[in-house]
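Morning, everyone. I have one chain to walk through today, so please pull it up on your screens.

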Amino acid sequence: MILTVKDDQNLIRKTDNFLEQLNELKLDESLSLIDQYLSQFTATELLASKEWLRQEKFYRKPILQLTSMSVIAFLWNPSDITEYHRHHNYQNGFSHAFIKVLKGKAFHEVAEIVDETKPFIKLRQCYSEIVKPGMITQVQPEQAHALGNFGCGQMLSIHLYITPVKNVDEQFCLIS
Ligand SMILES: [Fe+2]
């Protein structure tokens, strides 16, 4: 177990317990368990932290990374939005992402891959949604998504990836 938050015995214990329970479920059927696990991370505590890294489209705060999963918090200014992307993992596959909004409103679009031919992989949108505080949503490994801040204040979200994300790709083109 590699933790980016050092000496947090409470987090280690909760994570061990969570992974043990998760093992017995299919990921699609585990939303309430994941929601319960992510509820230990609160907006007040995360916003009080100074360890936010500014990236191109958001602030990012790694919480923990294990070989089987990772947790990262994201803080978004009003105009922050990602391109469509997929989450490549370390096993040459894709991660399953679970996103919980803690503060503000998120705009979320999910798409399926229609044609893998590069340089621009073709996508078709499956749905779009507004994710409000306390709500959790997901991106299946075979899907791509775009996420952004839908409100006029800051938006805070916490993301669980199974398995950890190595990098993302953004060379997509949306078709109707
Ligand atoms: Fe993502």
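I'll go from the overall fold to the sheets, then the core, then a few backbone details.

First, the ground rules. This is a predicted model: local features need pLDDT of at least 70, side-chain atom pairs count only at pLDDT 80 or more, and totals for chains, interfaces and linings use all residues. Residues are numbered from 1 along each chain as its sequence is written.

Overall fold. The chain has three helices and 12 strands. Those are DSSP runs, numbered from the N terminus: helices are H or I with at least four residues, strands are E with at least two. The radius of gyration is 16 Å, close to the 16 Å that the globule rule gives for 176 residues, so the chain is as compact as a globular protein of that length. That radius is taken over C-alpha atoms, and the rule is 2.2 Å times the number of residues to the power 0.38. Along its principal axes, the C-alpha trace spans about 50 × 40 × 25 Å.

Now contacts. Two residues are in contact if their C-beta atoms, placed from the backbone, lie within 7 Å. Take contacts between residues at least 6 apart in sequence: 74% of them join residues at least 24 apart.

On to the sheets. Two strands pair if DSSP finds at least two bridges between them. Six strands make an open, antiparallel sheet, ordered β1-β2-β3-β10-β5-β8. Its edges are β1 (53-54) and β8 (136-139), each pairing on one side only. β2 (residues 59-65) and β3 (residues 70-76) are joined by six bridges. There, P62 sits opposite I72.

What does β10 pair with? Seven bridges tie it to β3, and seven tie it to β5. V71 stands opposite L160 on the β3 side. K100 stands opposite I158 on the β5 side.

The second sheet is open too, with four strands in the order β9-β6-β7-β12 and mixed pairing. Here the edges are β9 (143-149) and β12 (172-175). β6 (residues 106-115) pairs with β9 in the antiparallel sense over seven bridges. F107 has G148 as its bridge partner in β9.

Next, burial. A residue is buried if 20 or more other C-beta atoms lie within 10 Å of its own, exposed if 12 or fewer, and partly exposed in between, with C-beta atoms placed from the backbone. By that count, 28% of the 176 residues are buried. β10 is mostly covered, with seven of its eight residues buried.

The largest nonpolar core has 31 residues. Such a core is a set of buried Ala, Val, Leu, Ile, Met, Phe, Trp, Tyr and Cys residues joined through C-beta atoms within 7 Å. A73, L75, L156 and L160 have the most contacts inside it. Elements giving two or more residues include α2 (31-38), β3 and β10 (155-162). Look at L156. Leaving aside neighbours within four places in sequence, its contacts include A43, A73, L75 and L102.

Last, the backbone details. K118 and P119 are joined by a cis peptide bond, omega about 15°. P119 lies in the loop between β6 and β7. The bond from I162 to T163 is also cis, with omega near 5°. T163 is in the loop between β10 and β11 (165-169).

And N92: buried or exposed? N92 is exposed, with 7 other C-beta atoms within 10 Å. N92 is not a glycine, yet its phi is positive, about 60°. You'll find N92 in the loop between β4 (86-89) and β5.
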